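This briefing concerns the protein shown below. Please consult the sequence and the structure alongside the text.

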Amino acid sequence: MQQMWRIKVKEIEIREGISMRFMMYHVSTVAVGILLFAAAITDIRKKQVGRPFLILLAVVCTVTAVMQEKSSFMDAAGGVTVGLCVVGISMISREQIGRGDGIVIAAVGIVLGFRRCLAAVSAASLLMCVTAVVVLLFKKGNRHTRLAFLPALFVGYVLCGVGG
């Protein structure tokens, strides 16, 4: 009887540990979303995001990735690679695409992994294309008008990251 009771206690501890980790992962995923939303607002207002904020986002994303149960190091590295490619394109194009956008994509790529990060960036790019067409059609700007990318990335994160 005592042996069976010990097994039950260990089983409950394991379940509680898994559910606690699962809950912490979801809380940190929401925290990443909140930070991404704050970065989007900053990007709209100032057209740039500060380094301390980028470091905070990277740390929170790394902690969130560690809490994931089914992700691998290679998947996270693939997500970072997507962001680093955007940073490279930013350097080649002389900041036509913001370097901060690439750093944010790399940080979020740690959490999302390669495929979901690529899907989120694709959804954000599609949304930015539609936004650019609307801006041009309503003559609110011209082809040199700079648009904030992080609000679209936030939408992509919600659609492909959290939901997918």
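The points below cover the overall fold, the helix packing, the nonpolar core and selected residues.

The model is predicted. The secondary structure of the protein consists of five helices and zero strands, and along the sequence the pattern reads α-α-α-α-α. Of the 164 residues in the protein, 34% are buried. Among contacts between residues at least 6 apart in sequence, 74% join residues at least 24 apart.

**Packing of H3 against H4**

- Helix H3 spans residues 73–92 and helix H4 spans residues 99–137; their axes come within 6 Å and cross at roughly 140°.
- The crossing angle therefore makes H3 oblique to H4.
- In handedness, the crossing of H3 and H4 is right-handed.
- The contact of H3 with H4 comprises, by class, 16 nonpolar, seven polar and three charged residues.

**Packing of H2 against H4**

- The axes of H2 and H4 come within 7 Å and cross at roughly 15°.
- H2 is therefore roughly parallel to H4.
- H2 and H4 cross in a left-handed sense.
- On the H2 side, the contact is made by Leu54, Leu57, Ala58, Cys61, Thr62, Thr64 and Ala65.
- On the H4 side, the contributing residues are Gly100, Ile103, Val104, Ala107, Val108, Ile110 and Val111.
- By class, the contact of H2 with H4 contains eleven nonpolar residues, three polar residues and no charged residues.

**The largest nonpolar core**

- The largest nonpolar core has 29 residues, of which Val32, Leu57, Val104, Ile105, Leu150 and Leu153 touch the most other members.
- At least two residues of this core come from each of helix H1 (2–46), helix H2 (51–67), H3, H4 and helix H5 (150–162).
- H4 provides the largest share of this core, with eleven residues.
- Leucine 153 touches Leu36, Val104, Ile105, Ala120, Val121 and Ala124, when residues up to four places away in sequence are not counted.
- Two of the partners of leucine 153, Val104 and Ile105, are themselves among the core residues that touch the most other members.

**Leucine 57 and leucine 35**

- Leucine 57 lies in helix H2 and is buried, at 0% relative accessibility.
- Apart from its neighbours within four places in sequence, leucine 57 is in contact with Val32, Leu35, Val104 and Ala107.
- Val104 and Ala107 also appear on the H4 side of the contact with H2, where Leu57 is listed on the H2 side.
- Leucine 57 and glycine 33 are 24 residues apart in sequence, and their C-alpha atoms are 9.8 Å apart.
- Leucine 35 is placed in helix H1 and counts as buried, at 14% relative accessibility.
- Leucine 35 and leucine 57 are 22 residues apart in sequence, with a C-alpha to C-alpha distance of 6.6 Å.
- Leaving aside neighbours within four places in sequence, leucine 35 is in contact with Phe53, Leu56, Leu57 and Val60.

**Serine 28**

- Serine 28 is located in helix H1 and is buried, with a relative accessible area of 8%.
- The contacts of serine 28, leaving aside its neighbours within four places in sequence, are Val60, Thr64 and Met67.
- Val60 is also a contact of leucine 35, and Thr64 is also part of the contact of H2 with H4.
- Serine 28 and methionine 67 lie 39 residues apart along the chain, and their C-alpha atoms are separated by 8.7 Å.

**The loop between H3 and H4**

- Most residues other than glycine have a negative phi.
- Arginine 94, in the loop between H3 and H4, has a positive phi near 55°.
- Arginine 94 counts as exposed, at 73% relative accessibility.
- Glutamate 95, in the loop between H3 and H4, has a positive phi near 65°.
- Glutamate 95 counts as partly exposed, at 32% relative accessibility.

How values were computed
Residues are numbered from 1 along each chain as its sequence is written. This is a predicted model: local features need pLDDT of at least 70, side-chain atom pairs count only at pLDDT 80 or more; totals for chains, interfaces and linings use all residues. Side-chain values use heavy atoms; hydrogens and water are left out. Axes are lines fitted to C-alpha atoms, for helices over the stretch in contact, and angles run from 0 to 180 degrees between N-to-C directions. Helices (H or I, at least four residues) and strands (E, at least two) are DSSP runs, numbered from the N terminus. Angles under 35 degrees count as roughly parallel, over 145 as roughly antiparallel, 65 to 115 as roughly perpendicular and the rest as oblique. A crossing is left-handed if the near helix is turned anticlockwise from the far one by less than a right angle, and right-handed if clockwise. Ala, Val, Leu, Ile, Met, Phe, Trp, Tyr, Cys and Pro count as nonpolar, Asp, Glu, Lys and Arg as charged, and the others, Gly among them, as polar. A nonpolar core is a set of buried Ala, Val, Leu, Ile, Met, Phe, Trp, Tyr and Cys residues joined through side-chain atoms within 4.5 Å. Buried means under 20% relative accessible area, exposed over 50%, partly exposed in between (1.4 Å probe, protein chains only). Contact means heavy atoms within 4.5 Å.
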